[in-house]
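Here's a quick tour of the fold you have open. Let's start at one odd spot in the backbone and work outwards.

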Amino acid sequence: MDRIPEFLQRHPRWSALLLGLISATGFQPLHLWPAGLAAMAAFVWLAYQQDSGKRAFLLGWLFGVAHFTLTNNWIATAFTYQAEMPAALGWAAVPLLSLYLAVWPALAVLAAWLLGRGRGVGVFALLLGAFWIAAEWLRSWVFTGYAWGPFSQMMLGDWDRPGVAGLLPFMGSYALSGLVVTLAGIFALLASTRRWKGLGAVIVIVTAGMFWPAPEAEDGFLPLTLVQPNLRQEELDDPSKYEEQFQRISALSEPQRAYSRRLVLWPESGVPDYLRDGYPQRYYTQMTAGGDPAFARFRIGRTIGEGSLLLTGAVDLEIAEVEGRERAVGAYNAITPIDADGNLGQRYAKAHLVPYGEYLPMRALLEPLGMSRLVAGSIDFIPGPGPQTIDLGAYGQAGMQICYEIVFSGEVAERGNRPDYIFNPSNDGWFGAWGPPQHLAQARMRAIEEGLPVLRSTTTGISAVIDARGVLRSHIGRDKADRIDTLVPPPAVPTWFARLGHWLTLLWGVVLLAGSLVAMGARHRYLSRTT
């Protein structure tokens with residue numbers, strides 16, 4: 001044991017990189033959460049030992065670079081599904097993105113070191129937890145935000161239990177991240193002072209929290225068919241495959257008995273047709289329904305059958321006259337309701353768009369340099385207004401979050417107009433082996449935080465029905481074409497987080513800061529008595 005701190009002190013930079021990598025193994029799909037906690041504990045101890053703020057900041061940055069590079073390795077896979085830029089650029093894009101993301105943990109480490117130097121590892125851990133909360137919250141919205149992978153994600157239990165993430169209703173993701181970082185610091189304090197009984201007791205408590213069974217489930221309230229058609233990314237934008245794709249998803253959606261009402265869910269990119277009227281005819285001609293949006297709607301209604309309502313990902317266009325000719329000047333990544341008669345309901349348009357995926361930032365500057373979007377097409381998507389609850393009548397109050405939007409804690413449900421469930425259609429075929437399980441984990445976190453079921457229909461998996469406890473009631477694994485027939489789980493009562501949002505996050509940051517002041521005073525009194 002004594003060799004570990006000796007190695008950390010002799011090779012601090014390499015140690016920070018190594019510990020960042022190990023901490024990332026605590027995330028899905030590996031989910032080696034004990035290793036992730038141990039790595040953070042060692043890093044907290046190492047950062048506290050530094051003799052200058054500059055060195056503490058550097059170690060925090062190196063830790064973040066390694067952590068985010070491994071966590072986000074799935075981004076590189078997205079570059080293999082486009083032809084505009086070299087696929088190898090993806091392997092450069094991930095570490096380049098991580099160079100920026102690592103600034104946030106580095107700033108948290110610096111702030112904690114400046115206020116906590118010489119005051120003990122425990123005080124430093126409390127301060128670091130408080131500033132880690134601020135760093136994750138800032139990372140979620142600065143420069144449009146990138147909220148993927150809060151540190152609390154590793155504290156999710158297996159698919160049949162929430163784990164320590166069962167605290168999310170009382171904290172939110174970012175506050176739980178700060179608590180986990182503080183907890184890791186307490187591990188470091190107890191281990192460095194050889195308080196083995198205390199360390200053992202804390203480990204037992206955390207382990208029990210990870211394996212504590214979920215509360216008893218309640219019955220559902222609405223029949224549901226959730227479809228995963230296994231539309232491979234390499235064929236998704238191929239017009240020659242459109243009709244076969246439609247037939248595949250239709251076959252998985254047909255009613256297996258008569259329903260008075262049934263909700264049918266298709267994924268993002270679930271419909272290859274433009275469904276709305278009024279576009280120039282040339283935009284309809286390469287679609288599957290013979291260039292006729294009315295026929296496209298009719299045959300979808302016939303597929304789902306009487307009593308059914310479909311929610312599906314679809315693309316809508318923004319049309320304007322340019323140089324005397326009508327053309328598409330933008331698009332909406334949308335969810336569209338369609339009933340059995342082919343009537344369209346209120347559209348939800350995705351608000352949190354993916355930079356470089358759904359729009360090209362600074363297009364006038366970057367496009368001449370050869371940069372392009374990863375998604376096919378030369379027009380950018382237009383952001384929608386944000387979380388909305390859409391009244392579907394007998395089919396409930398539906399919240400909508402398309403793909404990547406589900407990772408933004410506190411931004412998935414309309415405040416003051418709480419939905420009964422959240423529909424999260426997604427296309428995870430871009431995301432390799434690591435992206436889909438991480439995406440599913442974050443959808444589970446939103447369910448627990450908000451006390452709302454989340455229904456995920458994806459093109460290639462992982463699709464799931466997640467109840468308000470964060471438990472998977474049903475799921476379809478990756479690379480399978482299948483359907484889930486079940487009931488929509490009921491919502492829970494509004495959680496603390498659902499009521500207070502990030503005011504609760506701020507409160508927990510203040511609690512940890514106050515705890516650091518109490519710890520400083522206790523340490524000062526102890527040192528005064530012993531000198």
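C403 is tucked away: its relative accessible area is 6%, under the 20% cut-off, so C403 counts as buried. Keep in mind that this is a predicted model. Phi of C403 is near 50°, a positive value although the residue isn't a glycine. You'll find C403 in the loop between β7 (397–400) and β8 (421–423).

E323 makes a nice counterpart. Its phi is near 55°, again positive in a residue other than glycine, and E323 sits in the loop between β3 (308–322) and β4 (325–339). Is E323 buried or exposed? With 83% relative accessibility, E323 counts as exposed.

For context, most residues other than glycine have a negative phi, and most peptide bonds are trans. The model has cis bonds to look at too:

| Cis peptide bond | Omega |
|---|---|
| Q28 to P29 | near 10° |
| G461 to I462 | near 10° |

P29 belongs to the loop between α2 (12–24) and α3, while I462 is in the loop between β9 (454–456) and β10.

Follow the chain from P29 into α3, and you have a helix of 16 residues (33–48). From first C-alpha to last, α3 reaches 23 Å, close to the 22 Å expected at 1.5 Å a residue. Of its 16 residues, 13 are buried, so α3 is largely enclosed by the rest of the structure.

Follow I462 instead and you get to the sheet. This is an open, six-stranded one with mixed pairing, in the order β6-β7-β8-β9-β10-β11. The edges are β6 (389–391) and β11 (472–476); each has a single partner strand, so one side of each is left without a neighbour in the sheet. Ignoring direction, neighbouring strands are turned by 25° against each other on average. Strand β10 (residues 463–466) runs antiparallel to β11, and four bridges join the two. As part of that pairing, V465 has S474 in β11 as its bridge partner.

Now zoom out. The protein has 18 helices and twelve strands, and 56% of its 531 residues count as buried. The radius of gyration is 25 Å, which agrees with the value near 24 Å for a compact globule with 531 residues. Along the principal axes, the C-alpha atoms fill a box of roughly 85 × 55 × 35 Å.

How far can you trust it? Mean pLDDT is 90, and 92% of the residues reach 70 or more. Residues 362–370 are below 50, though this stretch has eleven contacts in the model beyond near neighbours in sequence. Where pLDDT is low, the predicted coordinates should not be read in detail.

How values were computed
Residues numbered from 1 in each chain as written. Predicted model: local features only at pLDDT ≥ 70, side-chain atom pairs only at ≥ 80, totals over all residues. Heavy atoms only, no water. Expected span 1.5 Å × (residues − 1). Buried < 20%, exposed > 50% of the residue type's maximum accessible area, 1.4 Å probe, protein only. Pairing = 2+ DSSP bridges. Axes fitted to C-alpha atoms, helices over the stretch in contact; angles between N-to-C directions. pLDDT = per-residue confidence, 0-100. Contact = heavy atoms within 4.5 Å. Rg over C-alpha atoms; globule rule 2.2 N^0.38 Å.
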